[in-house]
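Got your viewer open? Load the model and get ready to click through a few selections.

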Amino acid sequence: TIGLEGEPDHTYVCIGVKASNYFMEQSGAECLSDKGPGGGKWIHVNKKLQVVTKDRKIWADGSIFAVGDCNQTFADEIKPIPKISYPGEEQATHVCKSIKFMEGKTGCCGMFMKPREAIDSWWPWGAGMFATSLGPHDACFVMAAKSEPRTGLLTLWGWASAIQKEIIESSKVDECKGGRMGQLIWHWVHHTPCHCWGDGCSRNCCTSCTWPEWCCDWECCRCC
């Protein structure tokens, strides 16, 4: 169809995900999964996102965490999480809070307190939302997806979803640059007080979760 004679010499299938955790193969091979998307080799983590071995033993005294696409949770602790950007950001927030707890730098206005163990992570609410580009003028938006196959609702498509995708990209870049508008938008994305659908729906939320960052150090605000 493109003017070539015969069959191609090679065919490359550039879809799906593949682990790039080769840096762990020498010093932490016992922490890499045998199975998973793309054939495995994802970094095992517990529900606190601490790196663990295949038999769930804490690795490197619990001070090493893995967040985002590189990790793989155990299904009986945290259900499989889509490898997209939102869960990575949410997990990074959880780990930052855990590090502060472990260092004793928690409480009102960052006062020192007695060190505590890392907090439990969970299936992020935003992991069930996908904005997928289908070209420069087309896209689709799915929400309320769960960890099970064939879940989620197609809520937006066509040019409206394409505009939504551009807003997401531009506001996120603005936030990364320190822009006030981007920070305002994405602060509330990660501090939504009530999640009503998907695997990440709230069960023990409180409205304090939408308060400024200094308040979110309190024990009662772990749900944010």
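Here is a short tour, from the whole chain down to single side chains.

**The whole chain.** Start with everything in cartoon view, and keep in mind that this is a predicted model. Colour by secondary structure and you should find 3 helices and 5 strands. Walking from the N terminus, the order is β-β-α-β-β-β-α-α. Switch to a surface colouring if you like: of the 224 residues in the chain, 37% are buried. As for contacts with a separation of 6 or more, 42% of them link residues 24 or more positions apart.

**Two helices.** Now select residues 158-176, which is helix α2, and residues 180-189, which is helix α3. Their axes lie 7 Å apart and cross at about 110°, so α2 is roughly perpendicular to α3. Show side chains at the contact: α2 brings Ile168, Ser171, Lys172, Asp174 and Glu175, while α3 brings Arg180, Met181, Gly182, Gln183, Ile185 and Trp186. Sorted by class, that contact holds 4 nonpolar, 3 polar and 4 charged residues.

Stay here for a moment and zoom in on Lys172 and Trp186. The charged end of the lysine sits over the tryptophan ring, 4.6 Å from the ring centre.

**Another charge over a ring.** Next, pick Arg116 and Phe101. Arg116 lies over the face of Phe101, at 4.3 Å from the centre of the ring.

**Rings with rings.** How many aromatic pairs does a search of the whole structure find? Just 1. Select Tyr22 and Phe23 to see the pair: the ring centres are 6.2 Å apart and the planes meet at 80°, which makes the pair edge-to-face because planes over 60 degrees apart count that way. Is Tyr22 buried or exposed? Tyr22 is exposed, at a relative accessible area of 60%.

**The loop between β4 and β5.** Last stop: find β4 (139-143) and β5 (153-157), then select Ala144 in the loop between the two strands. Check the backbone there, since Ala144 has a positive phi, near 65°, without being a glycine. With 18% relative accessibility, Ala144 counts as buried.

Now move along to Arg150, in the loop between β4 and β5. Arg150 also isn't a glycine, and its phi is positive at about 60°. What is the relative accessible area of Arg150? It comes to 88%, so Arg150 is exposed.

Note on methods
Residues numbered from 1 in each chain as written. Predicted model: local features only at pLDDT ≥ 70, side-chain atom pairs only at ≥ 80, totals over all residues. Heavy atoms only, no water. Axes fitted to C-alpha atoms, helices over the stretch in contact; angles between N-to-C directions. Helix = DSSP H or I, 4+ residues; strand = E, 2+ residues; numbered from the N terminus. Parallel < 35°, antiparallel > 145°, perpendicular 65-115°, else oblique. Contact = heavy atoms within 4.5 Å. Nonpolar A, V, L, I, M, F, W, Y, C, P; charged D, E, K, R; others polar. Phe/Tyr/Trp six-rings, centres within 6.5 Å; stacked < 30°, edge-to-face > 60°. Buried < 20%, exposed > 50% of the residue type's maximum accessible area, 1.4 Å probe, protein only. Lys NZ or Arg CZ within 6 Å of the ring centre and 35° of its normal.
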